[in-house]
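Ready for a few worked exercises? Have the sequence and the 3D view open, try each task yourself, and then compare your steps with the solution.

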Amino acid sequence: MNLNDTFKLFANCIPVKGHSQSLICDLQNNNFVAIDIDLFEILTVHKNKSIKELCAIYKYQDLFEYFSSLKILNLGFFTKVPHFFPDIDLSFNECFLVSNAVIDYDCERFDIYNVIKQLDDLNCKHIEIRFYNKSLNNIITLLDYIKANEMMISSVGFVFQYDEALTVEFLLRIVEENNRISYLIVFNSPENKLIPSNKPNNMGYIINVRNEINNRSCGIISDDYFVTNIKSFTESLHHNSCLHKKISIDSEGNIRNCPSMPQSFGNIKDTILEEALSHPDFKKYWNLTKDSIEVCKDCEFRYICTDCRAYTERTHTNAEGLDTSKPLKCGYNPYTGEWEEWSTNPLKEKAIKYYGMEDLVKRNKF
C-alpha cells in the first residue's frame, strides 16, 4: 500500500448520499456504515483516483488511515488497477406480476383457500396472513393445502394475538416442521422479544411484540426495520419499497394495495385478483421511489427503509396527484441526523387527527 494505490469499495458496498451524513450499504453482509458528505464525494466522484491525487484535491492528512479503517471493516481494498473492478449491476427485475401479498383473515368472511389459489396462479411467492382472533387452527391446514397442491408460494408469515397456551416450544416446533414459515409475529405479548429458530438462512424466527397490531399499525419507520440486501436495495432504487407488486385482502374481503390503503378495487367475493390488478389505479404507487418523496429524498436511509403511502403527513402531491408526503410514522430528521418520537411531533398533529390516531399520541405521552 502506498500513495499511488487507489482505495476501491467492494462492488456490493454502495455509497448513498444524505443531507447531514451518508452511508455505505454493504449488500452482501446486510450492514451499513455512516460516513460524512466529503467522504461520499471521494468514494463516488473521485472513486478511481489514487490516494496521492486525492490528497492534492482535499489536502487531507488522514485519507490513508481512513481508507485503512474501511478495509478493516471489510468494505474495500487497495489496488493499482481500479478500472479492473466494475460497479455492480443495480437494475431490478421481477418477472411475475405479484411478488407479495397480505391477507387480513378474521371470522372467515371469505374463502381464504380461494385467495391462496388465485395468488399461486399469479406466481406470488411471499404471503403474510394476519389473524386478529386467537384461533390458530388454520395455520397447519393452510400450509398443508399449499404443500399438497405443490404451489409456488415459498414463504408464509403469520401474525396473531398472544395466547399463553401457545408456548415458545410449541411455536418453534410449528416453525421448524414447516419449511415455508418465514416468521411468526405474536402481538399483545408480555414483552418484546426475538426468538430465532434452528432453520437455515434466518428463516422461521418468532417476534413477540407488546403492542397491538391492526390495520392502523401499518407504516412504522424505524432503524429496527432497515433491510440491507441487494434485492430490497435495488427494488427501492427503482420502485416503491412497500407497494411494488403487492396485493392485499382486508378483513372484509376488499382488495387493496395494502390493507391500510383507502382505495378498494373490488371484493374478493365477486372480483378476482387478476381483475383488480388490471384497474388503472392499482399500480399508481408502484414506481414512486423515495427519491420522489419529500424529506425522504434527502435521507441517507432511503434505499434500506420501507415506505408508507397509507399514513403520510399529507403535505405534498405531485403532478399525477400522488401523495408524495413523508411517512407519518417516521421520527427521523435527515437534516439534523436525529430521531424523535413521531407521534408527539406538533407538526404532525393535523395528519394524526385526520387518521384518528389521537390515542397513539396520548399513549406515547405517558
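How are H2 and H3 oriented to each other? Keep in mind as you work that this is a predicted model.

**Exercise 1. Work out the packing of H2 and H3.**

Solution.
Step 1. Two packed helices are described by the angle between their axes and the distance between the axes.
Step 2. For H2 and H3, the angle is about 125 degrees and the axes are 10 Å apart.
Step 3. Angles of 65 to 115 degrees count as roughly perpendicular and those over 145 as roughly antiparallel, so H2 and H3 are oblique to each other.
Step 4. Now look at the side chains: H2 brings Ile51, Leu54 and Cys55, which meet Leu63, Phe64 and Phe67 of H3. Sorted by class, this contact has 6 nonpolar residues, with no polar and no charged ones.

**Exercise 2. Repeat the analysis for H1 and H3.**

Solution.
Step 1. Helix H1 covers residues 37-44 and helix H3 residues 63-72; their axes come within 13 Å and cross at roughly 80 degrees.
Step 2. That angle makes H1 roughly perpendicular to H3.
Step 3. On the H1 side you will find Leu39, Ile42 and Leu43, and these meet Leu63, Tyr66, Phe67 and Leu70 in H3. By class, the contact of H1 with H3 consists of 7 nonpolar residues, no polar and no charged.

**Exercise 3. List the buried residues of H3 and find what they pack against.**

Solution.
Step 1. The buried residues of H3 are Leu63, Tyr66, Phe67, Ser68 and Leu70.
Step 2. Their packing partners include the helices H1 and H2 (51-58). Strands also take part: E1 (6-9), E3 (22-26), E4 (31-35) and E5 (76-79).
Step 3. Check the rings here as well: Phe7, Phe64, Tyr66, Phe67 and Phe78 are linked into a cluster by ring pairs.
Step 4. Finish with the residue Asn74, which follows H3 and has a positive phi, near 65 degrees.

**Exercise 4. Classify two tyrosine pairs.**

Solution.
Step 1. A pair of aromatic rings is described by the distance of the centres and the angle of the planes. The structure holds 22 aromatic pairs.
Step 2. Tyr113 and Tyr145 are one of these pairs, with 5.1 Å from centre to centre and 80 degrees between the planes, an edge-to-face arrangement. The pair links distant parts of the chain, as Tyr113 is in helix H4 (residues 112-121) and Tyr145 in helix H5 (residues 137-148), 32 residues apart.
Step 3. Add accessibility: Tyr113 is partly exposed at 24% relative accessible area, and Tyr145 is partly exposed at 23%.
Step 4. Tyr354 and Tyr355 also form an edge-to-face pair, with centres 5.0 Å apart and 85 degrees between the planes. Tyr354 counts as exposed at 53% relative accessibility, whereas Tyr355 is buried at 17%.
Step 5. Look at the ring of Tyr354 once again: the charged end of Arg314 sits over this ring, 3.6 Å from its centre.

**Exercise 5. Describe the surroundings of Cys305 and Asp323.**

Solution.
Step 1. Place Cys305 in the loop between helix H8 (273-277) and strand E14 (332-333). Asp323 lies in the loop between H8 and E14 too.
Step 2. Buried or exposed? Cys305 counts as buried, at 8% relative accessibility. Asp323 is buried with a relative accessible area of 14%.
Step 3. Not counting residues up to four places away in sequence, Cys305 touches Ile221, Phe226, Ser236, Ser241 and Lys290. Leaving aside neighbours within four places, Asp323 is in contact with Tyr285, Leu288, Arg309, Thr312, Arg314, His316 and Thr317.
Step 4. Compare sequence with space: Cys305 and Val227 are 78 residues apart in sequence, and their C-alpha atoms are 6.7 Å apart. For Asp323 and Ile24, 299 residues apart along the chain, the C-alpha separation is 29 Å.

**Exercise 6. Locate two non-glycine residues with positive phi.**

Solution.
Step 1. Asn123 has a positive phi near 65 degrees. Asn123 lies in the loop between H4 and strand E7 (126-131) and counts as partly exposed at 27% relative accessibility.
Step 2. Val295 has a positive phi of about 70 degrees although it is not a glycine. Val295 is found in the loop between H8 and E14 and is partly exposed, with a relative accessible area of 22%.

Definitions and conventions
Residues are numbered from 1 along each chain as its sequence is written. Side-chain values use heavy atoms; hydrogens and water are left out. Rings of Phe, Tyr and Trp (its six-membered ring) pair if their centres lie within 6.5 Å; planes under 30 degrees apart count as stacked, over 60 as edge-to-face and the rest as tilted. Helices (H or I, at least four residues) and strands (E, at least two) are DSSP runs, numbered from the N terminus. Buried means under 20% relative accessible area, exposed over 50%, partly exposed in between (1.4 Å probe, protein chains only). A charge sits over a ring if NZ of Lys or CZ of Arg is within 6 Å of the ring centre and within 35 degrees of the ring normal. Axes are lines fitted to C-alpha atoms, for helices over the stretch in contact, and angles run from 0 to 180 degrees between N-to-C directions. Angles under 35 degrees count as roughly parallel, over 145 as roughly antiparallel, 65 to 115 as roughly perpendicular and the rest as oblique. Contact means heavy atoms within 4.5 Å. Ala, Val, Leu, Ile, Met, Phe, Trp, Tyr, Cys and Pro count as nonpolar, Asp, Glu, Lys and Arg as charged, and the others, Gly among them, as polar.
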